[in-house]
Amino acid sequence: MMVLRKDQALADFEHPLQMLKACHERIEAQCEMLRRLASHLPDHGCDAQAQQAASNVMRYFDSAGRHHREDEEQDLFPCLVDSAKGQNAERVALLVRQLKQDHHEIEKAWLKLREALEVIAYGDSAPLDELEVSRFCGMYHAHMTAEDANLIPLAQLLLGVEALAAIGRNMAARRGISSP
């Protein structure tokens, strides 16, 4: 079990919605590292610090970032759509479609950035376009803001204990962790 801060709820697989929100904070931190890397490269080139930053960002978005998207698309979204009734059904379906579209656009932007990051991580110079970095981070920020404002509250409203427990178990299994 992991506690992030005193003022924050538990974020573990028994609390999958809090886990998703905590992941948003880690994504923001990785975006900040990516921004710093883009501003670091023109003055310092592909030094050891740049190589490490590029490796860290790639590792995060290739693993935890991918798992986060899968948690939503494979577990949370379908569960929400299945749970929604009446007027909520249309609202949830629209929200899920938009968030999936966001995922697709963010993934395309990531793959473009990843090419440069891979070169940098191996110690070769590659341009890391600050506008592309800003676009990627801005898209992610807007997406996470929409999830925090809409998706998480809807999930809290619509999903019961059993559904949340199943989502948490699937999240843990996706990461190779056995859950209780």
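# Reading a predicted all-helix model

A: Welcome! This model is predicted, and the protein has an average pLDDT of 91, with 93% of the residues scoring at least 70.

Q: Where along the chain should I be careful?
A: Here is the general idea: where pLDDT is low, the predicted coordinates should not be read in detail. In this protein, residues 1-8 have a pLDDT below 50, and that stretch makes 13 contacts in the model beyond its near neighbours in sequence.

Q: And among the helices, where is confidence lowest and where is it highest?
A: The lowest mean, 94, belongs to helix α6 (residues 161-174), while helix α2 (residues 48-62) has the highest, at 97.

Q: How many helices and strands are there in the protein?
A: You will find six helices and zero strands. Reading along the sequence gives the pattern α-α-α-α-α-α. The C-alpha atoms fill a box of roughly 55 × 35 × 30 Å, taken along the principal axes.

Q: What share of the contacts joins residues 24 or more positions apart?
A: Counting contacts with a separation of 6 or more, 73% are between residues at least 24 positions apart. As for burial, 42% of the 180 residues are buried.

Q: Could we look at one residue? Is Ala155 buried or exposed?
A: Ala155, which lies in helix α5, counts as buried because its relative accessible area is 0%, and the cut-off for buried is under 20%. Leaving aside neighbours within four places in sequence, Ala155 contacts Leu17, Leu76 and Leu80. You can also try a distance: the C-alpha atoms of Ala155 and Gln87 are 15 Å apart, with their positions 68 residues apart along the chain.

Q: How do I read a pair of aromatic rings?
A: In general, a pair of aromatic rings is described by the distance of the centres and the angle of the planes. The whole structure holds six such aromatic pairs. Take Phe61 and Phe136: their ring centres are 5.4 Å apart and their planes meet at 80°, which makes the pair edge-to-face. This pair links distant parts of the chain, with Phe61 in helix α2 and Phe136 in helix α5, 75 residues apart. Both Phe61 and Phe136 are buried.

Q: What kind of pair do Trp110 and Phe136 form?
A: Trp110 and Phe136 form a tilted pair, 5.9 Å centre to centre with 35° between the planes. Distant parts of the chain are linked here as well: Trp110 is in helix α4 and Phe136 in helix α5, 26 residues apart. Trp110 counts as buried because its relative accessibility is 4%, and Phe136 counts as buried because its value is 0%.

Q: Which residues form the aromatic cluster?
A: Tyr60, Phe61, Trp110, Phe136 and Tyr140 form one aromatic cluster.

Q: How can I find empty space inside a model?
A: The general idea is that rolling a probe the size of a water molecule over the atoms shows where empty space is left. Here the count comes to one cavity of 30 Å³ or more. The largest cavity has a volume of about 110 Å³.

Q: Which elements give two or more residues to the lining of the largest cavity?
A: Those elements are α3 (64-83), α4 (87-121) and α5 (130-158). The lining includes Phe61, Trp110, Phe136 and Tyr140, residues you met in the aromatic cluster. Also among the lining residues are His68, His103 and His143, along with Glu72 and Glu107.

Q: How does that lining divide by residue type?
A: It has five nonpolar, four polar and three charged residues.

Conventions: Residues are numbered from 1 along each chain as its sequence is written. This is a predicted model: local features need pLDDT of at least 70, side-chain atom pairs count only at pLDDT 80 or more; totals for chains, interfaces and linings use all residues. Side-chain values use heavy atoms; hydrogens and water are left out. pLDDT is the predictor's confidence in each residue, from 0 to 100. Helices (H or I, at least four residues) and strands (E, at least two) are DSSP runs, numbered from the N terminus. Contact means heavy atoms within 4.5 Å. On a 1 Å grid over the protein atoms alone, a cavity is a set of points where a 1.4 Å probe fits but cannot get out, and a pocket is an open set with protein on both sides within 12 Å along at least five of seven lines; lining residues have an atom within 4 Å of a point. Grid points are joined across faces, edges and corners, and a volume is the space filled by probe spheres set on the points. Ala, Val, Leu, Ile, Met, Phe, Trp, Tyr, Cys and Pro count as nonpolar, Asp, Glu, Lys and Arg as charged, and the others, Gly among them, as polar. Buried means under 20% relative accessible area, exposed over 50%, partly exposed in between (1.4 Å probe, protein chains only). Rings of Phe, Tyr and Trp (its six-membered ring) pair if their centres lie within 6.5 Å; planes under 30 degrees apart count as stacked, over 60 as edge-to-face and the rest as tilted.
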